[in-house]
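Let's take a friendly walk through a protein model together. Keep the picture open beside you and look up each residue as we reach it.

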Amino acid sequence: MTDLIDELKTPRALPGAGPVHAGMPVPRIDGIAKVTGSAQYSAEYFAPDLAYGVVVSGAIAKGRIAGIDTRAALELPGVVDVLTHLNRPKVRGFDLAYKDMTAPGGSPFRPLYSDEIFYSGQPVALVVAETFEAARRAAALVRVEYEEEEHDTKLSAGLHRAFKPSRLKAGYEPPPDEKGDADKGFHDAPVQIQSEFYSGVEHHNPMELFASTVIRARDGHLTIYDKTQGSQNSRWYVSHVFGLPKSKVTVRNPYVGGAFGSGLRPQYQLTLAVMAALQLNRSVRVVLTRQQMFSFGHRPETLQRVRLAAERDGTLRSIVHEAVAETSQLEDYVEVVVNWSGLLYQCDNIRLGYKLVKLDHASPMDMRAPGAAHGVHAMEVAMDELAWALKMDPLALRLKNYAERAPVEDKPYSSKELRACYELGAARFGWNRRPLEPRSMREGRELVGWGMATGVWDAMQMFARASAVLYADGSLVVSSAATDIGTGTYTVMAMIAAEAMGLPLERVSFQLGDSTLPVAPIEGGSSHVATVGSAVAGACEKLQKSLLKQAQKLRNSPFAKAKPRDVEFINGHMQLRQQPETAIALTAILGEGGINRLEEKFLMLPNMLKQRKYRRLVHSAVFVEVRVDEELGIVRVSRVVSAVAAGRIMNTRTARSQVVGGVVWGISQALHEESYADHRFGRFMNHNYGEYHVPVNADIHDIEVIFAQEEDHIVSRLGAKGVGEIGIVGVAAAVSNAIFHATGRRLRSTPMTPDKVLAGRP
């Protein structure tokens, strides 16, 4: 062992490296793999014995299967088997086995479990063949006879059956008790508005189709490549449904081509692929079609009523926000729709209500900013209506009622830079030049309108584990069973580790997307950075301490009496803060100690006792310019400024991308997206990209994102919050408000299509 003194040197960077710090606009680490095609998705893994499954979808909305004729399908060359409820392998019979980690109350849907039909498009058979083409052809030959029953898929027709949900799902927060007397406050106030809002069904439509590839080993072990937002959730589900030990199931999802909430729950192709693999003792792949992507889950159809009352100076005296949403016959799917109206503005009288109506559709499911996307929309359009009734600037009304504490709970906010969002966004947009009167601005044949809205979303933190391994060559591998659905998880987690250990980014890799890695929550709710990122930071902190201990063991160590607070990690070295010239390479610490790898693990548990004392939220202010051609009813969103307060921003490039994506979806919610049900048949009709409208490049113009300076160490040790959902919240409301400013017509239902613009009716 050479003397440690020989290793002391001024810190230096590795060739081509540079220091990494939070907030840098770092390109995605996984970007090259994705654009070159080397990234493999769930339907791109192969095995020598791979068979292909194609789902046969049911044709009625409610009833029973009277008979299934599979003879023609089985006679087709290459067809291996046709699975139905009559010949499937054994599965667990009780509801609990089918409950995944995000399941709402009730009985989860169980594919091919019985002859019952609960919704149109429900899978009724799986054809398995040696080739995909043979399976697809054979699926068309399966004949199903039904005993049809009367179905109900229309929300407005079932309002008399609305009920308060009693069975809850994880993360659901029921509306709080009434504060004050909302009815009296409303009737006593001189200025009142009341409005009803309708939000149609939306489907997620990620680019990657849902698929599961089950690779069966000779010993029976199943390695499953699944499109999911949580590999461990899918493993839990498969293990419980089929009674398999967890050691016999590995689920991987290294790349996910978008999900937006549709991958929070295991979808039925996973169950069917495992069924077939177990039945046939071979590897099986099942990929759903685009049409079948409309046969599970959606943003629920929702009706809302908002009543606001104020003094003539704009002081709010009453807020009443009530919503009725759909759920399925099987489950009580719930969202936080109305609660946001009790968090945004100071008011002494607030009543919030939320009910469900059971319909013969598949269970709705979380979709980017579930509940808030349409709940905040209604409240923020109502605030614009109130501002017009008061002849008051919409931003001035919001500032007049700015809440310094959560109004209903009377809790402090863990952090709140919404005022800065208002100021930054308004200044960049030029809001002070906005005329109060509608129809005041025109360019050519188009009316121009400016609208704004507030956005709000939860700042969540869950629990997670992470491991950090430093190797003798100076490379660092950090691991957690997290998921990257396109949000930049690979990159941000590597950045957190690189900054903590003082390593160049190219020497750090982050492993995710494997159920065998340290436990991580489902990638949802914009919680991954605050949760998994904090676990990564914790593992690296423990690694720092271990390195210090190893350095203290070396001969003649100048670090012998150093405390963890006395050292820092820069450019691949550990050095004394007060004597930076006293430094040692991390590789030397391991080399001198004869250590090939040094590993530390960390369990991140939220400090709930502390966090519950605060209301933890992400905020935004959205400013929108629209141009309306009144002759054609066409609305163009020509300019958007979104100012966001989301704690410490870890990577400005990927964070901006998340907000821009949310804004695009907000424009889509406002003007384009809706799944239309033909209630005669109880099914969604526009189940393809040709008829389900989403914005194209020509629909999207200038989008500017501003981040307010904010750190929140109540939410996470990093000071970070999430940015995934907040980008969409409030956008549709700002578009609606801008349309009113342009035309003087108030539209209260989404999407605001040309026919509604022309008619001017909600």
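## Loops that meet across the chain

We can start at T289, which is found in the loop between β12 and β13. Keep in mind that this is a predicted model. T289 counts as partly exposed, because its relative accessibility is 33%. How far apart in sequence and in space are T289 and N688? In sequence they are 399 residues apart, yet from C-alpha to C-alpha the distance in space is 9.6 Å.

Now turn to aromatic rings. Searching the whole structure gives 18 aromatic pairs. One of them joins F294 and Y692: the ring centres are 5.5 Å apart and the planes stand at 70°, so this pair is edge-to-face. To count as edge-to-face, planes must be over 60 degrees apart. F294 sits in the loop between β12 (284-287) and β13 (302-310), while Y692 sits in the loop between β31 (683-684) and β32 (702-707), so the pair ties together parts that lie 398 residues apart in sequence. Are these two residues buried or exposed? F294 counts as buried, because its relative accessibility is 6%. Y692 counts as buried too, at 0% relative accessibility.

A second aromatic pair brings F429 and W450 together, also edge-to-face, with 5.0 Å from centre to centre and 75° between the planes. F429 belongs to helix α9 (residues 418-429) and W450 to strand β20 (residues 446-458), so that this pair links distant parts of the chain, 21 residues apart. F429 is buried, with a relative accessibility of 1%, and W450 is buried with a relative accessible area of 6%. Which residues form one aromatic cluster with this pair? The cluster consists of F429, W431, W450 and F623.

## Charges over rings and charges in pairs

Rings can also have a charged neighbour. The charged end of K227 sits over the ring of F210, 5.2 Å from the ring centre. In a similar arrangement, R285 has its charged end over the ring of F46, at 4.6 Å from the centre.

Next come the salt bridges, where charged side chains meet. How many salt bridges does the count come to? The count is 48 salt bridges. Here are some of them, with the distance between N and O atoms.

| Salt bridge | N to O distance |
|---|---|
| D100 and R265 | 3.1 Å |
| E178 and R351 | 3.7 Å |
| E568 and R577 | 3.5 Å |

Take D100 and R265 to begin with. D100 lies in the loop between β3 (79-83) and β4 (105-106), and R265 lies in the loop between β11 (249-252) and α6 (268-280), so their salt bridge ties together parts 165 residues apart in sequence. D100 counts as buried, because its relative accessibility is 7%. R265 is buried as well, with a relative accessible area of 14%.

The salt bridge between E178 and R351 also reaches along the chain. E178 is in the loop between β7 (143-148) and α4 (182-188), whereas R351 is in strand β16 (residues 350-359), so the pair ties together parts that are 173 residues apart in sequence. E178 counts as partly exposed, because its relative accessibility is 38%. These residues have further partners: E178, D183, R305, R307, E322 and R351 are linked in a network of salt bridges.

In the pair of E568 and R577, the two partners fall on either side of a cut-off. Buried means under 20% relative accessible area. E568, at 19%, therefore counts as buried, while R577, at 43%, counts as partly exposed.

## A pocket to explore

Finally, look for open space. The second largest pocket has a volume of about 490 Å³. It is lined by 27 residues, of which E322, A323, G353, Y354 and K355 are the closest to its centre. You have met E322 already, in the network of salt bridges.

The elements that give two or more residues to this lining are β8 (191-199), β13, β14 (316-328) and β16. Which element gives the most to the lining of the second largest pocket? That element is β16, with four residues. Sorted by class, the lining of this pocket has 16 nonpolar, three polar and eight charged residues.

Notes
Residues are numbered from 1 along each chain as its sequence is written. This is a predicted model: local features need pLDDT of at least 70, side-chain atom pairs count only at pLDDT 80 or more; totals for chains, interfaces and linings use all residues. Side-chain values use heavy atoms; hydrogens and water are left out. Rings of Phe, Tyr and Trp (its six-membered ring) pair if their centres lie within 6.5 Å; planes under 30 degrees apart count as stacked, over 60 as edge-to-face and the rest as tilted. Buried means under 20% relative accessible area, exposed over 50%, partly exposed in between (1.4 Å probe, protein chains only). A charge sits over a ring if NZ of Lys or CZ of Arg is within 6 Å of the ring centre and within 35 degrees of the ring normal. A salt bridge is a side-chain nitrogen of Lys or Arg within 4 Å of a carboxyl oxygen of Asp or Glu. On a 1 Å grid over the protein atoms alone, a cavity is a set of points where a 1.4 Å probe fits but cannot get out, and a pocket is an open set with protein on both sides within 12 Å along at least five of seven lines; lining residues have an atom within 4 Å of a point. Grid points are joined across faces, edges and corners, and a volume is the space filled by probe spheres set on the points. Ala, Val, Leu, Ile, Met, Phe, Trp, Tyr, Cys and Pro count as nonpolar, Asp, Glu, Lys and Arg as charged, and the others, Gly among them, as polar.
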